[in-house]
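User: Hi, I have a structure open and I'm not sure where to begin. Could you walk me through it?

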Amino acid sequence: MRDSLLIKAAFSEETPRPPVWMMRQAGRFMKEYWDIKNKYSFLEMCKTPELAADVTMLPVDLLGIDGAILFSDILVTGEAMGGDLSFTQGVGPKFANPVRTKADIDALDTQVVHKLQYVADAIKVIQQRLNGSIPLIGFAGAPFTVMSYLVEGGSSKDFKLTKLMLHNEPEMAHQLLSKIATVTADYLNLQIAAGVNAVQIFDSWAQALAWDDYKEFSHRYITEIISKLNRKDIPVISFCKGSSVFAPLMAEAKPDVISIDWNVDLLDIKKRLPAGIAVQGNLDPHILYADKKVIKERIYRLFDRMKGEKGFIFNLGHGIMPDIPFDNVKYAVEIIKEY
Ligand SMILES: Cc1c2[nH]c(c1CCC(=O)O)Cc1[nH]c(c(CCC(=O)O)c1C)Cc1[nH]c(c(CCC(=O)O)c1C)Cc1[nH]c(c(C)c1CCC(=O)O)C2
């Protein structure tokens, strides 16, 4: 795996072409995902290693991408700590027992990695199926993003309660973030021990934070997690929405790769990062709704811009939306491989 396109690019080594994978590459935009989803709940799919492997393999078999990503969710750490998690169609994730008080935070467990053994089991099944063909990416949610779901009790537009806790009760917020960070480092090390070839940390909602708050309440815990990882030959990818602003700070946490949203020119931001940090990104996922001619033009524009750069992994600036035409995603992968 060390010689695969993805791992070489992640370590900023030269590759014959940039590798391609896409966030949310296994999901509702695929008919074959629904064939499974119509029979099982989302959490059943995550917790049954054979099913998690079936879904992980869909984009490998149907799209021919250069990296598989473990089928799971960022919120399983919150569940393992004591969150009462459910996913309902059309509602999204919910924690029925939101974490709002000091007593709620005290009640959360941190010695919980054994509860996530089903993920390690899934990784072993997936690696058997991949059989050395392409690398498997493991992942976890960053403490701030996971905290936001625990505090709000689900998805949120403005993160009002979460930000109120940061601003009015910073000590409580730090206690909660620190607990999530402990679990997240153990969890990523479990995935590494089980055999993933790379890990990505998702701080999807970091863009809600002011610079100082990002530094104090997010960056600090991502730095702590990365410093604890058993990462020999395992590249660490740091993703957030807001990376077009935060990337220089994210680099200080010492990831191997920073995954960049679509608000910035990818080469410009790469040049502002220390040498040896690769970038992943950064096509606006909405381009995949557009005509094929536009998809090709925009992807080739990005590739022309990044030509000759070591350390470039093609991805979207955020995940594939559920109603993006499958055919367009397949077309994007094909033309990338032809470039
Ligand atoms: C914020 C976040 C979550 N989960 C995740 C993030 C960070 C990534 C990002 O920023 O997009 C990460 C995630 N979630 C899922 C994966 C699997 C791997 C992949 O294909 O990328 C990954 C990497 C599967 C999933 N996670 C979820 C689904 C949909 C479940 C279903 O079939 O209903 C999938 C395939 C559910 C989920 N899980 C979460 C939400 C908000 C939702 C509902 C989304 C919606 O309804 O649009 C939390």
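**Around the ligand**

User: Which residues are closest to the ligand, and how many surround it?
Analyst: This is a predicted model, and in it 23 residues surround the ligand, with Arg-28, Tyr-33, Asp-73, Ser-204 and His-318 being the closest.

User: What kinds of residues make up that shell, nonpolar, polar or charged?
Analyst: The shell around the ligand divides into 14 nonpolar residues, five polar ones and four charged ones.

User: Okay, and which ligand atom does Arg-28 have a polar side-chain atom next to, and how far away is it?
Analyst: A polar side-chain atom of Arg-28 lies 2.6 Å from an oxygen atom of the ligand. His-318 also approaches a ligand oxygen, with an N or O atom of its side chain 2.5 Å away, whereas for Asp-73 the partner is a nitrogen atom of the ligand, which lies 2.7 Å from a polar side-chain atom of that residue.

User: How much of the ligand's accessible area does the protein cover?
Analyst: On its own the ligand has 890 Å² of accessible area, and the protein covers 88% of that.

User: Which pocket is the ligand in, then?
Analyst: The space that the ligand takes is the largest pocket.

User: What does UniProt list as "binding site"?
Analyst: The unreviewed UniProt entry lists Arg-24, Gln-25, Ala-26, Gly-27, Arg-28, Asp-73, Tyr-149, Ser-204 and His-318 under that name. From this set, the lining of the largest pocket takes in Arg-24, Gln-25, Ala-26, Gly-27, Arg-28, Asp-73, Tyr-149, Ser-204 and His-318.

User: Changing topic to the backbone, where is Arg-24 found?
Analyst: Arg-24 is in the loop between helix H1 (5–10) and helix H2 (31–37), and Arg-28 lies in the loop between H1 and H2 as well. Although Arg-24 is not a glycine, it has a positive phi of about 60 degrees.

User: And which residues does UniProt list for the URO-D domain?
Analyst: For "domain: Uroporphyrinogen decarboxylase (URO-D)", the unreviewed UniProt entry lists residues 19–28 and 137–153. Residues 19–28 are 0% helix and 0% strand, with their end C-alpha atoms 23 Å apart, while residues 137–153 are 59% helix and 29% strand, with end C-alpha atoms 28 Å apart.

User: One last thing, is the peptide bond from Gly-281 to Asn-282 cis or trans?
Analyst: That bond, from Gly-281 to Asn-282, is cis, with omega near -20 degrees, and Asn-282 itself lies in strand E8, which covers residues 278–283.

Methods. Residues are numbered from 1 along each chain as its sequence is written. This is a predicted model: local features need pLDDT of at least 70, side-chain atom pairs count only at pLDDT 80 or more; totals for chains, interfaces and linings use all residues. Side-chain values use heavy atoms; hydrogens and water are left out. A residue is near a molecule or strand if one of its heavy atoms lies within 4 Å of it. A polar contact is a pair of N or O atoms within 3.5 Å; within protein, one must be able to donate a hydrogen and the other to accept it, and residues adjacent in sequence count only if both atoms are side-chain atoms. Accessible areas come from the Shrake-Rupley method with a 1.4 Å probe; for residues, only the protein chains shown count as cover. On a 1 Å grid over the protein atoms alone, a cavity is a set of points where a 1.4 Å probe fits but cannot get out, and a pocket is an open set with protein on both sides within 12 Å along at least five of seven lines; lining residues have an atom within 4 Å of a point. A molecule sits in a cavity or pocket if more than half of its atoms lie within 2 Å of its grid points. Ala, Val, Leu, Ile, Met, Phe, Trp, Tyr, Cys and Pro count as nonpolar, Asp, Glu, Lys and Arg as charged, and the others, Gly among them, as polar. UniProt positions are given in the numbering used here, feature names are shortened, and annotations may be inferred rather than shown by experiment. Helices (H or I, at least four residues) and strands (E, at least two) are DSSP runs, numbered from the N terminus.
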